Amino acid sequence: MGSSWIAMVDCNNFYVSCERVFDPSLEGCPVVVLSNNDGCVIARSEEAKTMGIGMGEPAFRRRKFFESHGVRVFSSNYALYGDMSARVQQVLARFSPEVEPYSIDECFLLLRLKDDAALSSLAKDIRKTVRRWTGIPVCVGLARTKTLAKVANRLAKKRAEGQGVWMLDRPETIEQELSRLEVGEVWGIGRKNAARLARYNVRTALDLVRRPRDWVRRQLSITGLHTALELQGIPAIAFQEHPPAAKSVTCSRSFGVRIGEAAALEEALCAYVQRAAEKLRGRRLEAGVVQVFLATNRFVEEPQYSDSAVFSLPTPTAYTPLLQRAALDLLRKIYRKGYLYQKVGVLFLELIPRGQRQRSFAEYGHASEVCRQEELMRVLDGVNGRFGRGALRFAGDGLGPKAWHMRQEHLSRRYTTRWAELPVVR
DNA sequence: TCTGGGGTCCTAGGACCC
DNA sequence: TCTGGGGTCCTAGGACCC
């Protein structure tokens, strides 16, 4: 009998695997990759997991341990990981015309088969091919719904006998697996919801499935109900071959050190606006609304303050100087003297595709000015695309040394992107 | 000294209108 | 002058994901 299945393909320890592809000496060693600012651990090799290094652990508390145990440490290198992710997706696209990239290291595939018996050999073939062509090891979970495919993927990772593939098809085995799965581990449930469910003695995925639908809906809202249905094999979360258009674009960073002066915050914000605007243009979008936020460090015992403010642009734009001006005005509105700040950021909202903008009356008189702006941004992005981000930038983010720059003390090279051999152009 | 960043979705409550 | 209900829209806050 032919039918359709969902495959969840998830790269193993993705960031670590990317580093290993280009540095085979890392094979067999404990390896960790740190978040931006070298803040906390966001990827661990199997060896590192075995040593008890936790996901999300602050790196500074582990520094000595890393040194004494020969743990190889990397700052996150998103240029590299993004490129490797695209390669993996290209390989997966050969196995199904219906692919939904879910995150940088996960894809759902819709597999329509004439004969279900071929399913597990197809999954093994996917695994082998991705490994051979990209160097990245993956695991494949197979089931009738996305949520069950995620469960199956966990099992593929955990159970060696599956050789990286696990299928959840028979109702009895599904029930058995759900009875062993903590409800908080289910995709979409999360820690807080798990704690709430525990008060009603719902501790496993099977406990949840056995509750009446209206009860689940009351406790977990409509999204939780969808999850519960999916665990029963009833598709409730759509397969999205074409991802919906983005609703927001943002850029924010924690600083290397805390900052009190407005001038330094303004420099940092200008740089983030430039970066976010670049993303905007890369996706051929324009922003209708700008939001700026800033915050002190919640981990230290100092006076705390955070706020945000929004501004609706007269016409949507992706022109960096206009966006920077709006953002700086907002920052000046919410900035309070006397605090040490940890972070500022910018969000663009009300995004519309470029060229779909309604021209304002005033703008008709400025058509050539708008063309000039677009041309300038095209040149800017072109130069930065060729010579590296930041090769050409605005003076607003400062010419002197930057206290607000993030720490990246363990960065690997940009192996896969162009000009990797050249020093950064200044 | 040192604790990520970028997204999405849902709900409750208030404002406003008829 | 007072009273009512229903609908829509917006926002803030909170939850989730990787």
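## A tour from a buried leucine to two DNA strands

Start by selecting L280: at 0% relative accessibility, it counts as buried. What you have open is a predicted model, so keep that in mind as you click around.

**Stop 1: L280 and its surroundings**

L280 is found in helix α11. Show the side chains around it. Leaving out residues up to four places away in sequence, L280 touches V249, L285, E286, A287, T317, A318, L323, F348 and L351. If you like a distance label, draw one from L280 to S75: the two are 205 residues apart in sequence, and their C-alpha atoms are 25 Å apart in space.

**Stop 2: R281, next in the helix**

Now select R281, which is also found in helix α11. Is this arginine buried or exposed? R281 counts as buried, because its relative accessibility is 9% and the cut-off for buried is under 20%. Setting aside neighbours within four places in sequence, R281 is in contact with Q274, A318, T320, M377, L380 and D381.

**Stop 3: where α11 meets α14**

M377, L380 and D381 from that list take you to another helix, α14. Colour α11 (residues 262–282) and α14 (residues 367–387) in two colours. Two packed helices are described by the angle between their axes and the distance between the axes. Here the angle is about 100° and the axes are 11 Å apart. The two helices are therefore roughly perpendicular to each other.

To see the contact itself, show Q274, E278 and R281 on the α11 side, and M377, L380, D381 and N384 on the α14 side. Sorted by class, this contact has 2 nonpolar, 2 polar and 3 charged residues.

**Stop 4: DNA strand B**

Next, select DNA strand B and everything around it. How many residues surround DNA strand B? You should get 28, and the closest are S35, T250, S252, R253 and S254. Of the strand B atoms that come within 4 Å of the protein, 73% belong to sugar and phosphate.

Three spots deserve a zoom:

- S35: a polar side-chain atom lies 2.8 Å from a sugar or linking oxygen of DNA strand B.
- S254: a backbone N or O atom lies 2.3 Å from a phosphate oxygen of DNA strand B.
- K343: a polar side-chain atom lies 3.2 Å from a phosphate oxygen of DNA strand B.

Then switch to the cartoon view. The elements giving two or more residues to the surface near strand B are α10 (213–231), β9 (249–259) and β12 (341–349). Strand β9 supplies the largest share, with 7 residues. By class, the surface near DNA strand B divides into 9 nonpolar, 10 polar and 9 charged residues.

**Stop 5: DNA strand C**

Move over to DNA strand C. This strand is surrounded by 13 residues, the closest being S103, D105, E106, I189 and N193. Which part of DNA strand C lies within 4 Å of the protein, sugar or phosphate on one hand, or bases on the other? Of those atoms, 100% belong to sugar or phosphate.

Again, here are some pairs to zoom in on:

- D105: a polar side-chain atom lies 2.8 Å from a sugar or linking oxygen of DNA strand C.
- I189: a polar backbone atom is 2.9 Å from a phosphate oxygen of DNA strand C.
- R191: a backbone N or O atom lies 3.2 Å from a phosphate oxygen of DNA strand C.

Two elements give two or more residues to this surface, β5 (99–103) and α8 (190–198). The largest share, 4 residues, comes from α8. By class, the surface near DNA strand C has 4 nonpolar, 4 polar and 5 charged residues.

**Stop 6: two residues with positive phi**

Most residues other than glycine have a negative phi. With that in mind, select D38, which is not a glycine but has a positive phi of about 50°. You'll find D38 in the loop between β2 (31–34) and β3 (41–44). D38 is buried, with a relative accessible area of 6%.

The other residue to click is S221, in helix α10. S221 is not a glycine either, and has a positive phi of about 70°. At 32% relative accessibility, S221 counts as partly exposed.

**Last stop: T129**

Finish in helix α5 (residues 119–134), where you'll find T129. T129 is buried, with a relative accessible area of 11%. Not counting residues up to four places away in sequence, T129 touches V91 and F95.

Conventions:
Residues numbered from 1 in each chain as written. Chains lettered and ligands numbered in written order. Predicted model: local features only at pLDDT ≥ 70, side-chain atom pairs only at ≥ 80, totals over all residues. Heavy atoms only, no water. Near = heavy atom within 4 Å. Polar contact = N/O pair within 3.5 Å; in protein donor to acceptor, adjacent residues only side chain to side chain. Nonpolar A, V, L, I, M, F, W, Y, C, P; charged D, E, K, R; others polar. Axes fitted to C-alpha atoms, helices over the stretch in contact; angles between N-to-C directions. Parallel < 35°, antiparallel > 145°, perpendicular 65-115°, else oblique. Contact = heavy atoms within 4.5 Å. Buried < 20%, exposed > 50% of the residue type's maximum accessible area, 1.4 Å probe, protein only.
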